[in-house]
Amino acid sequence: MQGKIYKLNNITLDEQNQEFCLSHSNGIKTFDIEQFSEKDTSENIEFELGSISLTHFFPKFEDLVIFIGSKNNKDFPPNTIIFFDIKEKKIIFKKVFDKDITNFKCVSNFIFISFGTSLIIYSYDENKNDLEQKEEHKIESNSLFECWVEKPDEFCNNLYLSFPYEKELIILMYTIKEWSYGKKLNIPSPVYKIQNLFFIRKLNQIFISDETAKYIYGFDIDTGEKKLCLYRGTKPGFITSIALLNDGKFLAINNLDRTIHIFDLDINNNDFSFSNIVYGIISDIKEIYPKIRIHYEDIIKKGEGNFYKKDFAEKGAVLFSDNNDELNIIGYNGLAIKIQINFKELSYKTTLKMEYLEKKLKNISLYTSGCELEKK
C-alpha cells in the first residue's frame, strides 16, 4: 500500500529498457515500462526489507535484483550487498564488507562497487555463489562512475569503466574472456568539476555535465575526442538523466525537477549566436542550444505528485525512449508521463500521465494537451 511508502529512494532501469526498479522506504517494487504497471514487489514475504537505498537488476539472471539497505536499516545496513529473487521472494546471496557501500552498478556478470574513494570490480561466480575481485581503482569521493559492455548480450567481449579523477575523465577497457587490460584514455576535463556522467551506446559517446550543468559535453569513448558541446543555460541545475530521440538526431536532458531540454544534435540546425563565431575561431566544436524546453510546471498540474514532492525536488526524474518520438518520464514524485514530440513543429503533447504507485490513469486528451514552444 502507498501508505507504507513515504520516501522514494532510487529508480533504475534494466539494460533493455523494459523494466524499472524502485527502491523505497519499505522495500522494492519493479514495474513494466510500457504501461508503468507493477510487476513484482518485496511485500508479503516472511521478513521486511525496510528502507532500501539502491537497487539494480542483475542482467545475467532473470528476476534477480541486487540491493543495499540504508544506515537506518538494522537488518540490511549499507555495508552489505544482497542478491534477491523478487519473483520467489528469497535471498540468493549476501556479502558483508568492512566498509559502507557508497554506490554500485551491474553490467553483464560484473558488479562495480564503490566504497568512498575505492572502486572494486567483481565478477559473480554462480557455481561458488560468491564474488571474485577482478580490479580496484582509486576514484573521487563522490563515487561517480559509469560502466557498460561493448554489446549488451552474452557474447560481449569488452567491458568499459569511466570515472572522473584529478581533472581528467578516465575511460578503461578490459577484455572479458581473458580478463586482460585493454586500453586507457585520459581525457582532460573541460570543466572544473564533473557533476554527472552518462553513456549513450548508439552515439558511442559518454556525456558529462559541469558543476552547474551549464554545459554538457559528449566524448567518443574510443578516441577521447570531444564531439558535442550542449549549452543548457546559466541558471544552476543538476542533470539527472538523458535519453536519445528520433533515431539519434535529438537528445533529451533532464534538469532535476524543473525542465527537460531537447537538443538537435546536428550543428547545422543550430541557431545563430555570437559566441559560436568566437567558438569557431578557437575550436572546431560549437555550442548547441535547446530546440524544445519542456517545463514540469506545464505538464504537472497543481497538487499532482505532492506526496513525494521532496523526493522530486532532490532527485528529479529518469528519462528513457525507444529512440523515436516518444519520451518517457519516471518522476520521483510518483508520476509516470509519456510525451510525444513533433520535431518538425518543435512542439510536444502529453499522451499519458499516471501515478505508477496507485496505477490511476488520468483522462488526458491526445489533442488538447501539450504546449507549443518557440525556438530560442
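**Group meeting talk: a chain with many strands**

Okay, let's start from the outside: the protein exposes about 18,000 Å², and carbon and sulfur atoms supply 47% of that. Those accessible areas come from the Shrake-Rupley method with a 1.4 Å probe, and for residues, only the protein chains shown count as cover. Before I go on, this is a predicted model, where local features need pLDDT of at least 70 and side-chain atom pairs count only at pLDDT 80 or more, while totals for chains, interfaces and linings use all residues. Residues are numbered from 1 along each chain as its sequence is written, and side-chain values use heavy atoms, with hydrogens and water left out.

So, what is in there? We have 3 helices and 31 strands. Both are DSSP runs numbered from the N terminus, helices being H or I with at least four residues and strands being E with at least two. Of the 376 residues, 56% count as buried, and buried means under 20% relative accessible area, with exposed over 50% and partly exposed in between, using a 1.4 Å probe and protein chains only. Now contacts, meaning heavy atoms within 4.5 Å: among those between residues at least 6 apart in sequence, 45% join residues at least 24 apart.

Next, a sheet. One open sheet has 4 strands in the order β13-β14-β15-β16, with antiparallel pairing; two strands pair if DSSP finds at least two bridges between them. At the edges stand β13 (146–149) and β16 (180–188), each with a single partner strand, so one side of each has no neighbour in the sheet. On average, neighbouring strands here are turned by 15 degrees against each other, direction ignored. For that angle, axes are lines fitted to C-alpha atoms, for helices over the stretch in contact, and angles run from 0 to 180 degrees between N-to-C directions. Inside this sheet, β14 (residues 158–165) and β15 (residues 168–175) run antiparallel and are joined by 8 bridges. If you want a spot to click on, Leu161 stands opposite Leu172 in β15.

There's a hairpin to look at too. Strands β3 (residues 27–32) and β4 (residues 38–41) pair in the antiparallel sense over 3 bridges, and Lys29 stands opposite Thr41 in β4. The hairpin has 5 residues between the strands, and Phe36 takes a positive phi near 60 degrees.

Where else does a positive phi turn up? One place is Ser108, at about 50 degrees although this residue is not a glycine. Ser108 sits in the loop between β9 (103–107) and β10 (110–115), and counts as buried because its relative accessibility is 9%. Another is Leu256, with phi near 40 degrees, in the loop between β22 (250–255) and β23 (259–264). Leu256 is buried as well, at 15%.

That brings me to Asn254, in strand β22. Is Asn254 buried or exposed? Buried, at 0% relative accessibility. Its side chain reaches the backbone oxygen of Leu256 at 2.8 Å, and a polar contact of 2.4 Å joins the side chains of Asn254 and Tyr296. A polar contact is a pair of N or O atoms within 3.5 Å; within protein, one must be able to donate a hydrogen and the other to accept it, and residues adjacent in sequence count only if both atoms are side-chain atoms. Leaving aside neighbours within four places in sequence, Asn254 has contacts including Phe238, Thr259, Gly316 and Leu319.
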